[in-house]
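Reader: Before accepting the labels attached to a model, I would like to see how each one is earned. Could you show me the structure and then take my questions in turn?

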Amino acid sequence: MTLWNCFCYLWLYFSDSCTSSDDFDIELDEMELVATGYLFYYSRVNRPQRKSPPTICTYLKDLLEGPVEDCRDLLRMDKHVFHKLSEILRGKGLLRDTPSVLVEEQVAIFLSIVGHNQRIRVVQERFQRSCETISRHFNTVLKAVKSLSCEFLQPPPLETPPEIVNTKRLYPYFKDCIGVIDGLQIPAHLPANNQSRFQNKKGILTQNVLAACTFDLQFIFVYPGWEGSVEDSRILRAVLDDPNQNFPQALKGKYYLVDRDYTNTEGFIAPYPGKRYCLHEFRGASKMPKNAHDLFNHRHNCLSNIMQRSFSILKTRFPILKSAPQYPFHVQRDLVIATCALHNFIKREDGIHDWLFATGAEDAALVEEPCGKEEEEELQLLHLDSTPVELVADSLCGMTS
Ligand SMILES: *[C@@H]1O[C@H](CO)[C@@H](O)[C@H](O)[C@H]1NC(C)=O
């Protein structure tokens, strides 16, 4: 790269002087020089690539050659996912090797910051880099990953998700459900004059994030940066009113699930108001659903919980989201987008083996399948009252009260 730049400069320099020079002999010499530079460049480029570039720092080299656990601990992903991510960022020209810091090291610096609540000094010592180098690469990698978010955050698939199809208690009732929408509160750091609007109901400074996710734990839409005091439903309305947000709207007949803080509108189904909704309200033998509305709310909540699971994996992987880091607010906002993009990337590349997604998959069943007496009772409920399918249809028509 550097060599190529040298050559380009040489070329620019001489081609400039060529136009102003009227001495033919000198011009010929210059052309020779340029041609030599060209050949030299090619001879370098066509050489076989060195296995490990000389500038990779020993710390990272040891880490990538060492035990899997160490790599997960520092980089928050497995080695092959890390290499693929670095390759993509380099391949798309979003990051470049610098003479002293390879793309891999830049990405590792970023990941070690977002993956731990550590002081920059610790990162500095680990990578043996100056504070300036660390923060410069942190910012360039953040920008690069953020710019990949359009690619990593995809609209939900059109067909009914297998997580629903394969669950008797959900299928066919929720066959047209494409995802879940909810607001996430992320601790924020703000200067004193901005604090009041960012205080949520509990008085904690937060940014409110509107997020949508699918049943395979991937984010499909993220809109961070709202003041913690703003209501979730207002954010959703703002997003829907702004075509620039490119929110993946539900096609006709399809819908997202939203919780009690939102209202039922076309494409968004909330639980029945005034009925039990939270799962703890249903715990215990005597507290099982008593009518079809109850049953609907219970299933609705089971499904909606997927958002909490995605979010919990996201925060466990990237603890920076829990720590209200002292970065400018726009950086705190971009961090949400970048970490969600990485979350999706890891799910797609390594969904089965990734240790965090794998733990999440252990309790992956959205709801337990009914059996015996319980199943009979539920079936009776369904016949007694309207079925969940009809309830969903009612909601779609806005007929619920
Ligand atoms: C903080 O307040 C200043 C002045 O009122 C405003 O320009 C700025 O956008 C605010 N920052 C945030 C993150 O809201």
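Author: What follows is an exchange about the terms used for this predicted model and the values behind them.

Reader: How do you know how confident the predictor is in the protein chain, and where does pLDDT stay under 50?

Author: On a scale from 0 to 100, the protein chain averages a pLDDT of 82, and 75% of the residues score at least 70. Over residues 1-45, however, pLDDT stays under 50, and for that stretch the model has 17 contacts beyond four places in sequence.

Reader: What makes strand β2 mostly covered?

Author: A residue is called buried if 20 or more other C-beta atoms lie within 10 Å of its own, and in β2, residues 206-213, eight of the eight residues are buried. For the protein chain of 401 residues, buried residues make up 34%.

Reader: How do you know which faces of β2 are covered?

Author: In a regular strand the side chains alternate between the two faces of the sheet. On one side of β2 stand Thr206, Asn208, Leu210 and Ala212, and on the other Gln207, Val209, Ala211 and Cys213; these are all buried, and both faces are therefore covered by the criterion of 20 or more C-beta atoms within 10 Å.

Reader: Why are β1 and β2 said to pair?

Author: Two strands pair if DSSP finds at least two bridges between them, and eight bridges join β1, residues 177-187, to β2, with the two running antiparallel; β1 and β2 therefore meet the criterion. In β2, the bridge partner of aspartate 182 is alanine 211, while that of proline 187 is threonine 206.

Reader: What joins β2 to β3?

Author: Six bridges join β2 to β3, residues 219-227, again in an antiparallel arrangement, and the partner of glutamine 207 in β3 is glutamate 227. Their hairpin has five residues between the strands, and there leucine 217 takes a positive phi near 70°.

Reader: Why is the sheet of five strands called open, and which strands stand at the edges?

Author: The order is β3-β2-β1-β4-β5, with mixed pairing. Because β3 and β5 (268-269) each have a single partner strand, one side of each is left without a neighbour in the sheet.

Reader: Which strands does helix α12 touch, and which does helix α13 lie across?

Author: Helix α12, residues 232-241, packs on the sheet and touches β1, β2 and β3, its direction making about 60° with that of β2. Helix α13, residues 292-317, lies across β1, β2, β3 and β4, running at about 45° to β1.

Technical notes
Residues numbered from 1 in each chain as written. Predicted model: local features only at pLDDT ≥ 70, side-chain atom pairs only at ≥ 80, totals over all residues. Buried ≥ 20, exposed ≤ 12 C-beta atoms within 10 Å, placed from the backbone. Helix = DSSP H or I, 4+ residues; strand = E, 2+ residues; numbered from the N terminus. Contact = placed C-beta atoms within 7 Å. Axes fitted to C-alpha atoms, helices over the stretch in contact; angles between N-to-C directions.
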